[in-house]
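Student: Could we go through this one together, rings and strands included?
Tutor: Sure, let's pull it up.

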Amino acid sequence: MPLVIPGINSNMGSDKGEWLNKLAGKKISDSTSDVNTFAKKDLPENHRVLRPGDAKTMDHRPDRLNIHLDEQDKVKDVNFG
């Protein structure tokens with residue numbers, strides 16, 4: 001079982017499962033135009049969208065939502081860090 005230290009490695013009250021339920025299978029866009037898209041403005045301020053093969057920094061930020069897309073630019077997974 002991992003060690004959980006409040007304020008150090010928590011995800012600031014956000015839940016991965018909740019975000020995955022909201023985003024899975026959707027495309028991220030500037031605005032919500034239909035049920036298959038999710039507006040960037042509705043994401044947490046501290047987020048990044050990662051496509052397959054994208055370069056990314058390895059710094060760990062527990063409050064940052066990482067949104068992983070598949071080859072069709074649809075959300076396949078999310079995590080914090």
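**Rings and strands**

Tutor: Let's start with two residues in this predicted model: Trp19 is buried, and Phe38 is buried too.

Student: What geometry does the aromatic pair of Trp19 and Phe38 have?
Tutor: A search of the whole structure turns up one aromatic pair. Its members are Trp19 and Phe38, with centres 6.3 Å apart and 80° between the planes. Planes over 60 degrees apart count as edge-to-face, so the label for Trp19 and Phe38 is edge-to-face.

Student: How many residues apart are Trp19 and Phe38?
Tutor: Trp19 belongs to helix 1 (residues 16-23), while Phe38 is in strand 2 (residues 37-39). The pair thus links distant parts of the chain, and the separation is 19 residues.

Student: Which residue puts its charged end over the ring of Trp19?
Tutor: Look for a charge 4.5 Å from the centre of that ring. A charge counts as over a ring only within 6 Å of the centre. The residue is Lys22.

Student: Is strand 4 largely enclosed or not, and how many of its residues are buried?
Tutor: On one side, Leu65, Ile67 and Leu69 are buried; on the other, Asn66 and His68 are. Both faces are therefore covered, and strand 4 is largely enclosed by the rest of the structure because the buried count is five of the five.

Student: Which residue in strand 5 stands opposite Ile67?
Tutor: Strand 4 pairs with strand 5 (residues 75-80) in the antiparallel sense, over five bridges. Opposite Ile67 in strand 5 you'll find Val78.

Note on methods: Residues are numbered from 1 along each chain as its sequence is written. This is a predicted model: local features need pLDDT of at least 70, side-chain atom pairs count only at pLDDT 80 or more; totals for chains, interfaces and linings use all residues. Side-chain values use heavy atoms; hydrogens and water are left out. Buried means under 20% relative accessible area, exposed over 50%, partly exposed in between (1.4 Å probe, protein chains only). Helices (H or I, at least four residues) and strands (E, at least two) are DSSP runs, numbered from the N terminus. Two strands pair if DSSP finds at least two bridges between them. Rings of Phe, Tyr and Trp (its six-membered ring) pair if their centres lie within 6.5 Å; planes under 30 degrees apart count as stacked, over 60 as edge-to-face and the rest as tilted. A charge sits over a ring if NZ of Lys or CZ of Arg is within 6 Å of the ring centre and within 35 degrees of the ring normal.
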